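Please work through the exercises below with the sequence and the model at hand. Each task is followed by a solution in steps.

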Amino acid sequence: MPKPHKILTDHDTKPCYHCGEFCVDEIIHHQEKGFCCTGCKLVYDVLSENDLCAYYDIAERPGQSQKKASKKENRFDYLLDRDIIRKLVDFQNEEETHITFTIPLIHCASCIWLLENLHHLDTNIISGRVDFIRKKVQVKFKHGQLSLRDLVLLLSKIGYEPRLNLSDVDRKPIAKTDKKLIYKLAVAGFCFGNMMFFSLPEYFSGAELLGENFKWAFNYLNILLSLPVFFYSATDYYRSAWLSLKNRAVNMDVPIAIGIFTLFFYSLYEILIAGQEGYMDTLGGLLFFLLIGKLYQQKTYDTLSFDRDYKAYFPVAVTKLTKDAEEVIPLTKLGVGDIIKVRDQELVPADSILLEGEAYIDYSFVTGEEVPVVKKRGELIYAGGRQKGKAITLTVQKSASQGYLTDLWNNEAFQKEKGTSLESLSNRISGKFTAVVLLIAFAALTYWAFTDFSVGIKAFTAVLIITCPCALAMSTPFTLGNTLRVFGQGKFYLKNAGVIEKLAFIDTVVFDKTGTLTATSDASLEYYHVMDEKGAVSMAYSMPGELDTLTEETKSVIKSMVNQSTHPLSNRINSWLEGVKGANIGDVEEIQGSGLRLIYKSQEIKLGSAEYSGAKFQYIKKGGNQVFLSLEGVLLGYFFIQSGLRKGIETVVDEIGKTREVHFLSGDHDHERDNLRKVFGPRIQMNFSQGPTDKLLYIQKLSRNKANILMVGDGLNDAGALRESQVGIALTDRVTNFSPASDAIMDAAVIHKLPAYLEFAKTSRKIIKASFGLSFTYNLIGIFFAVQGLVSPVFCAILMPLSSLSVVIFTTVSTNYLAYKKGLKDQIF
Amino acid sequence: MEVLFILIGVSLIMAGGFLFLFFRAMKGGQFDDNYTPSVRILFDQKIKTKEKQLPSTKSK
């Protein structure tokens, strides 16, 4: 391998020409441009060869760092399998194939430009079309000349590796419900607008001026236009009301459905039999406003996925070893007893026993802890672990869907729809509301029946029409819709508006420990100096320069060593040694799963695991990761690295603990119990050694005691608990990257705002209540006139939009203002 | 004034036409992605012309 021309500089802060990351460690100079790694340079080379350097002109430093990119050429070999290709492509004929890739790295205009100019890189690509919001690109190519594997390789060569996983293969049809709502809204809007025109003369008594012919024509046109509204736009309300009545409950849609029916049939009677003008325009307006409210509540985050299961992370195919050949088979065909090969950076797809090779498994998908663990031959490796290092051979013990982790999804918690045991505020009110309205209507009917029966009917219908809870029905969607947007701006993304109402009732908060309370980015590091083999004698220190037991030279050598490694522990030592000038050393040998080795000034320096550097175990501080440093086989000391607690997490737990119960769940052993108790106080219930199913059962146990539980977790092993709790929040460092199925996704950077969000969920309930008060006032005014039989179409046509609009304005303004006051937003609007 | 009937007919047909066009645009996916086209339109076609020139100089 030719040596890259590296020049180690002390803290050169020049950003990489490709990805814009500051080249702290090294700079590769190439064509008068600086690159942070060979990967970035490679991408630049490919682009400049093909005259595509305009990529760098559109947005500044548009690339992604290629440091961690895998360079294995054969990792996409499974894309040659015909079965898999058939499942992945959108369309295929004799010549062309169309396929849609998800590429999470799409982030700027340059990305769009490059991916839409793919045909300049390879003439067999016909076109690429980017959907920026959904981070997808549709590529059309000639499969005769270019295989799917080569296409994917080309994409990953220019830094845009598509995400391909099992759920792409078992694709489910995407629901088109929100599209239907827009159609219904469009129809309602069209009919409403036209009906308003035809009803306008009535409002000003202009019909007399125009003559009877027009009045007659306008009324019949109104009937015609109301048909699509009644039979198409309003159908969701009938269905929902019917379902609710079947379950012997009254939800918000029951009074709405009653109102719609009364409006329609009473207007039909008025126009066809009584020769009056009817309320058809009010009906159109009602549906139009209601559907707008419904649409407003449906804020969707296209790039986020709230219902991912393990399939979204598992590979599409695995390499199976048969007698004398390697064969790529789809994961779904993998059976117990099969022998498989897992290469560097590949995921172990099923619980298996290691047969051959050095397993060095990174379980960060599962637990959130990214430091890999070493597994010996004969040991069981759980599905979901990622191999780092050389290829290993395994024998499958359980099928992919039955493993230690994936078995979770067979639990009944995942079979049923998530419980809606908590009734929403509006549904609880609507029961009483409907009863009261019907009572008033019948009272008015009986009162008038003694004097004038026709007035009685008029008063009866007028009460039902005027109290039709349009304003009432709009309070909830607009308040929750606004709250959803406020939270979304604050990087707290909710699956739907119902989650807010559930958040308001939370009385128990359960945190996962690894990856949620602790973060690898906030790791603490200590260096223990070992004089001889009798024990650790010197003090620990965590900042270089304070208590120097390492010489400057040793530090700079270590710095240069860890610089050349991508291991998470190396990265942490590297950042701990920030500011230390790297020494000019030769090539460092990295042995995966063991450590680093360097010959420096003809002495052997080893940095790595205890066994590797020849340390004895009994002196070691337990509970974290250790990296040992030895010189010529003699132990000099060790680094003690612990995942630190997230910044500000104590105040979050403290704040939440004031009014709610707090529990911790951890998959680790309880060696950190005392440590955590010291930080968080004695009131917190801590549970250790919890497997994925234990966590689920723990939540189940809590909810049996009528607790409303909020679970905050991050790894796939929390998926069961997230599912079973009332609200499950998945915490993630990069929102688009990884999160198990949950009700909400939260950017880890805003976890300090969690108590504020919980409070605001309560506030939004108060806003809903206040706007209910507002719309009840309108209803009282309406009823006052209605029982006297004084309601006219004009009166309805004015009161109805007025009440709706004022409720919309009230909820929008108050939600945004209160969010601003509580510091959840920077500006009011 | 009876001419109004014709005008009403025309207006209804026009408005219905717009509704139909909206439905068609919706089905055709025009509203699926409302960000990318706004970026796409700003790219100039510099590259393409360059590429076209290159082979022509070679052939000469």
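The exercises that follow concern a predicted model.

**Exercise 1. Composition of the two chains**

Task: Determine how many helices and strands chain A and chain B have, and state what share of each chain is buried.

Solution.
Step 1. Chain A contains 28 helices and 30 strands.
Step 2. Of its 829 residues, 45% count as buried.
Step 3. Among the contacts in chain A with a separation of 6 or more, 65% join residues 24 or more positions apart.
Step 4. Chain B has three helices and zero strands, and its elements read α-α-α from the N terminus on.
Step 5. Chain B comprises 60 residues, of which 2% are buried.

**Exercise 2. Length and burial of helix 20 of chain A**

Task: Check the span of helix 20 of chain A against the value expected at 1.5 Å a residue, and establish what covers its buried residues.

Solution.
Step 1. Helix 20 covers residues 552–563 of chain A, which is 12 residues.
Step 2. The expected span is 1.5 Å times one less than the number of residues.
Step 3. For helix 20 of chain A this gives 16 Å, and the end C-alpha atoms are 16 Å apart, so the two values agree.
Step 4. A residue is buried if 20 or more other C-beta atoms lie within 10 Å of its own.
Step 5. Nine of the 12 residues of helix 20 of chain A are buried, and therefore the helix is largely enclosed by the rest of the structure.
Step 6. Those buried residues are A:Lys555, A:Ser556, A:Val557, A:Ile558, A:Lys559, A:Ser560, A:Met561, A:Val562 and A:Asn563.
Step 7. Their cover includes helix 21 (568–576), strand 22 (595–600) and strand 23 (603–608) of chain A.

**Exercise 3. Helix 16 of chain A**

Task: Carry out the span check for helix 16 of chain A, and identify the helices against which its buried residues pack.

Solution.
Step 1. Helix 16 of chain A (residues 453–466) has 14 residues, and 20 Å is expected at 1.5 Å a residue.
Step 2. From first to last C-alpha, helix 16 of chain A reaches 20 Å, close to that expectation.
Step 3. Its buried residues include A:Lys458, A:Phe460, A:Val463 and A:Ile466.
Step 4. The buried residues of helix 16 of chain A pack against helix 11 (253–274), helix 15 (425–449), helix 27 (754–786) and helix 28 (793–821) of chain A.

**Exercise 4. A helix pair**

Task: Describe how helix 9 of chain A and helix 12 of chain A cross, and list the residues that make the contact.

Solution.
Step 1. Two packed helices are described by the angle between their axes and the distance between the axes.
Step 2. The axes of helix 9 (residues 212–233) and helix 12 (residues 280–297) of chain A come within 9 Å and cross at roughly 35 degrees.
Step 3. The crossing of helix 9 of chain A with helix 12 of chain A is left-handed.
Step 4. Helix 9 of chain A contributes A:Asn222, A:Ile223, A:Ser226, A:Val229 and A:Ser233, while helix 12 of chain A contributes A:Met280, A:Asp281, A:Leu283, A:Gly284, A:Leu287 and A:Leu291.
Step 5. By class, six residues of this contact are nonpolar, four polar and one charged.

**Exercise 5. Two individual residues**

Task: Decide whether A:Phe141 and A:Thr282 are buried or exposed.

Solution.
Step 1. A:Phe141 lies in strand 7 (residues 136–142) of chain A.
Step 2. A:Phe141 counts as buried because it has 26 C-beta neighbours inside 10 Å.
Step 3. The C-alpha atoms of A:Phe141 and A:Ile126 are 5.0 Å apart, although 15 residues separate the two in sequence.
Step 4. A:Thr282 belongs to helix 12 of chain A.
Step 5. With 28 other C-beta atoms within 10 Å, A:Thr282 is buried.
Step 6. Leaving out residues up to four places away in sequence, A:Thr282 touches A:Leu263, A:Pro793, A:Cys796, A:Ala797 and A:Met800.

**Exercise 6. Chain B: its contact with chain A and its annotation**

Task: Analyse the side of chain B that touches chain A, then compare the UniProt record for chain B with the model.

Solution.
Step 1. The contact takes 18 residues from chain B and 20 residues from chain A.
Step 2. On the side of chain B, helix 1 (3–27), helix 2 (36–40) and helix 3 (46–59) each supply at least two residues.
Step 3. Helix 1 of chain B gives the largest share, seven residues.
Step 4. The side of chain B that touches chain A divides into 12 nonpolar, one polar and five charged residues.
Step 5. UniProt, in an unreviewed entry, lists residues 6–23 of chain B as "transmembrane region".
Step 6. In the model, residues 6–23 of chain B are 100% helix and 0% strand, with end C-alpha atoms 26 Å apart.

Methods
Residues numbered from 1 in each chain as written. Chains lettered and ligands numbered in written order. Predicted model: local features only at pLDDT ≥ 70, side-chain atom pairs only at ≥ 80, totals over all residues. Helix = DSSP H or I, 4+ residues; strand = E, 2+ residues; numbered from the N terminus. Contact = placed C-beta atoms within 7 Å. Nonpolar A, V, L, I, M, F, W, Y, C, P; charged D, E, K, R; others polar. Axes fitted to C-alpha atoms, helices over the stretch in contact; angles between N-to-C directions. Left-handed = near helix turned anticlockwise from the far one by under 90°. UniProt positions renumbered as here; feature names shortened; annotations may be inferred.
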